Amino acid sequence: MDTEYLDAPGGLSGNDDAGQMSAWYVFSALGFYSVCPETPYYAIGSPVFEKSSIQLENGKTFTVIARNASSQNIYIYIYIYI
């Protein structure tokens, strides 16, 4: 994300594929991304933001909280609340 997505000429490597690569970036910045669009599996990564939320279709909110998120603090803890 730090080398292939820049706010400069040539900042987006290759063809944007109608938004798919940009969508990958957004989800990766949130700390996860879909491994395969046809499956419910996601890869977990390091969020860029300390807190972000997504409004779900069912009216609920999915929130990612990454305390002390930074480029040096890349390790994550996963808490699952049911």
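Q: In which helix of this predicted model is Phe-27 found, and is Phe-27 buried, partly exposed or exposed?
A: Phe-27 is found in helix α1, which covers residues 20-30. Its relative accessible area is 36%. Partly exposed means a value between 20% and 50%. So for Phe-27 in α1 the answer is partly exposed.

Q: Which residues form a nonpolar patch on the surface, and what is their accessible area together?
A: Let's stay with Phe-27, since it belongs to this patch. The other members are Trp-24 and Tyr-33. Together, Trp-24, Phe-27 and Tyr-33 have an accessible area of about 260 Å².

Q: What pattern does the protein chain follow when read along the sequence?
A: The secondary structure comes to one helix and four strands. Read along the sequence, the helix is followed by the strands. That gives the pattern α-β-β-β-β.

Q: Are the rings of Phe-32 and Phe-62 stacked, tilted or edge-to-face?
A: The structure holds three aromatic pairs. In the pair of Phe-32 and Phe-62, the ring centres are 5.6 Å apart and the planes are at 80°. Planes over 60 degrees apart count as edge-to-face, so this pair is edge-to-face.

Q: How many residues apart in sequence are the parts that the pair of Phe-32 and Phe-62 ties together?
A: Phe-32 lies in strand β1 (residues 32-34), while Phe-62 lies in strand β4. Because the two rings sit in these two strands, their pair ties together parts that are 30 residues apart.

Q: Which is buried and which is partly exposed, Phe-32 or Phe-62?
A: Phe-32 has a relative accessible area of 11%, and under 20% means buried. Phe-62 comes to 38%, a value between the cut-offs for buried and exposed. So Phe-32 is buried, and the partly exposed residue is Phe-62.

Q: Which residues do ring pairs link into a cluster?
A: Two members are already familiar: Phe-32 and Phe-62, the edge-to-face pair. The cluster also takes in Phe-27 and Tyr-42. Its members are therefore Phe-27, Phe-32, Tyr-42 and Phe-62.

Q: Is Ser-52 buried or exposed, and which residues is Ser-52 in contact with, leaving aside neighbours within four places in sequence?
A: Ser-52 is found in strand β3, residues 51-55. At 13% relative accessibility it falls under the 20% cut-off, so Ser-52 counts as buried. Leaving aside neighbours within four places in sequence, its contacts are Leu-30, Phe-62, Thr-63 and Val-64.

Q: Is Ile-65 buried or exposed, and which residues does Ile-65 touch, not counting those up to four places away in sequence?
A: Ile-65 is found in strand β4, residues 61-65. Its relative accessibility is 52%; over 50% means exposed, so Ile-65 counts as exposed. Not counting residues up to four places away in sequence, Ile-65 touches Glu-50 and Lys-51.

Q: Which residue has a positive phi although it is not a glycine?
A: The residue sits in the segment after β4. It counts as exposed, at 55% relative accessibility. Its phi is about 60°, and the residue is Asn-68.

Q: Where in the protein chain is confidence lowest, and where is it highest?
A: The protein chain averages a pLDDT of 79, and 78% of the residues score at least 70. Confidence is lowest in α1, with a mean of 81. It is highest, at 90, in β3.

Key. Residues are numbered from 1 along each chain as its sequence is written. This is a predicted model: local features need pLDDT of at least 70, side-chain atom pairs count only at pLDDT 80 or more; totals for chains, interfaces and linings use all residues. Side-chain values use heavy atoms; hydrogens and water are left out. Patches are made of residues with over 30% relative accessible area and no salt bridge: like charges are joined within 9 Å, nonpolar side chains (Val, Leu, Ile, Met, Phe, Trp, Tyr) within 5 Å. Accessible areas come from the Shrake-Rupley method with a 1.4 Å probe; for residues, only the protein chains shown count as cover. A salt bridge is a side-chain nitrogen of Lys or Arg within 4 Å of a carboxyl oxygen of Asp or Glu. Buried means under 20% relative accessible area, exposed over 50%, partly exposed in between (1.4 Å probe, protein chains only). Contact means heavy atoms within 4.5 Å. Rings of Phe, Tyr and Trp (its six-membered ring) pair if their centres lie within 6.5 Å; planes under 30 degrees apart count as stacked, over 60 as edge-to-face and the rest as tilted. pLDDT is the predictor's confidence in each residue, from 0 to 100.
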